[in-house]
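Here is a walk through one chain, going from the overall fold down to single residues. Have the viewer open while you read.

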Amino acid sequence: QVQLVESGGGLVQAGGSLRLSCAPAGRTFNTYAVAWFRRAPGKGREVVAAVSRSGGNTYYLDFVKGRFTISRDNAKNTVYLQMNSLKPEDTAVYYCAAYQTVRPGWVDPTEGAYDLWGQGTQVTVSS
């Protein structure tokens, strides 16, 4: 059962940009905190960015700060991850995740907090 649907992955050269999108299947997103995780070949899954339910607070992995931007448009029921200045080290499967919360400003970067997941979208950055 697909809970979250990601799109926007692909192949890009180093220095290029991609925008990932995440939308829920059959539910509204405005009561959920959302995050993007990634799993690179041979590595564990790590959080890349997270956004609060309100959209007012965010968290970023140090390696992507200044290059990636997470945002949400609750009117469109979609969360985005804008990825600029991509590096080969960003190559991974990217997953959208979410959990429902009553706390509009809380951001949680821990994987265990998230109980809805997408199937992932491949991002490949060539050197």
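Two residues count as being in contact when they have heavy atoms within 4.5 Å of each other. With that cut-off, Ser21 touches Val5, Glu6, Ser7, Trp36, Thr78, Val79 and Tyr80, leaving out residues up to four places away in sequence. Ser21 sits in strand β3, and with a relative accessible area of 15% it is buried, because buried means under 20%. Keep in mind that this is a predicted model.

**The overall picture**

So what is the chain built from, helices or strands? The count is 0 helices and 11 strands, so the pattern along the sequence is simply β-β-β-β-β-β-β-β-β-β-β. The C-alpha atoms fill a box of roughly 45 × 30 × 25 Å along the principal axes. For 127 residues, a compact globule would have a radius of gyration near 14 Å, and the chain, at 13 Å, agrees with that.

Buried residues account for 45% of the 127. Take the contacts between residues at least 6 apart in sequence: 62% of them join residues at least 24 apart. The exposed surface comes to about 6,200 Å², with carbon and sulfur atoms supplying 47% of it. As for charge, there are 13 positive and 9 negative side chains, and the centres of the two sets lie 3 Å apart.

**The cores**

In soluble globular proteins, nonpolar side chains tend to be buried together. Which residues touch the most other members of the largest nonpolar core here? They are Trp36, Leu81, Met83 and Tyr94, out of 29 residues in that core. The strands that each supply at least two residues of this core are β3 (18-24), β4 (32-39), β5 (45-51), β7 (68-73), β8 (78-83), β9 (92-100) and β11 (121-126). The largest share, 4 residues, comes from β9.

Leu81 is a good residue to click on. Setting aside neighbours within four places in sequence, Leu81 is in contact with Leu18, Arg19, Leu20, Trp36, Val48, Ala49, Phe68, Thr69, Ile70 and Tyr94. Apart from the largest core lies another one, of 11 residues, among them Ala33, Tyr99, Val107 and Tyr114.

**A buried loop residue**

Ser52 belongs to the loop between β5 and β6 (58-60). Is Ser52 buried or exposed? It has 0% relative accessibility, so Ser52 counts as buried. Beyond four places in sequence, Ser52 touches Ala33, Asn57, Arg72, Pro104, Gly105, Trp106 and Val107. Ala33 and Val107 in that list are also among the members of the 11-residue core.

**Other loop residues**

The table gathers four more loop positions with their relative accessibility.

| Residue | Loop | Relative accessibility |
|---|---|---|
| Gly66 | between β6 and β7 | 84%, exposed |
| Asp62 | between β6 and β7 | 60%, exposed |
| Ser85 | between β8 and β9 | 42%, partly exposed |
| Ala25 | between β3 and β4 | 33%, partly exposed |

Some C-alpha distances help to place these residues in space. Gly66 and Asn84 are 18 residues apart along the chain, and their C-alpha atoms are separated by 8.7 Å. For Asp62 and Val93, 31 residues apart along the chain, the C-alpha separation is 18 Å. Ala25 and Leu4 are 21 residues apart in sequence, with 5.7 Å between their C-alpha atoms.

**Backbone angles to check**

If you like to go over the backbone, which residues have a positive phi although they are not glycines? One of them is Asn77, with a phi of about 60°; Asn77 is found in the loop between β7 and β8. Another is Ser85, with a phi of about 50°, and this is the Ser85 that the table puts in the loop between β8 and β9.

**Pulling it together**

In short, the chain has 11 strands and 0 helices, with a 29-residue nonpolar core and another core of 11 residues apart from it. Ser21 in strand β3 and Ser52 in the β5–β6 loop both make good starting points for a look inside: Ser21 is buried at 15%, and Ser52 is buried at 0%. For the outside, try Gly66, which is exposed at 84%.

Terms used. Residues numbered from 1 in each chain as written. Predicted model: local features only at pLDDT ≥ 70, side-chain atom pairs only at ≥ 80, totals over all residues. Heavy atoms only, no water. Rg over C-alpha atoms; globule rule 2.2 N^0.38 Å. Buried < 20%, exposed > 50% of the residue type's maximum accessible area, 1.4 Å probe, protein only. Areas by Shrake-Rupley, 256 points an atom, 1.4 Å probe, with all protein chains shown as cover. Lys, Arg positive; Asp, Glu negative; His and termini not counted. Charge placed at Lys NZ, Arg CZ, Asp CG, Glu CD. Core = buried A, V, L, I, M, F, W, Y, C linked by side-chain atoms within 4.5 Å.
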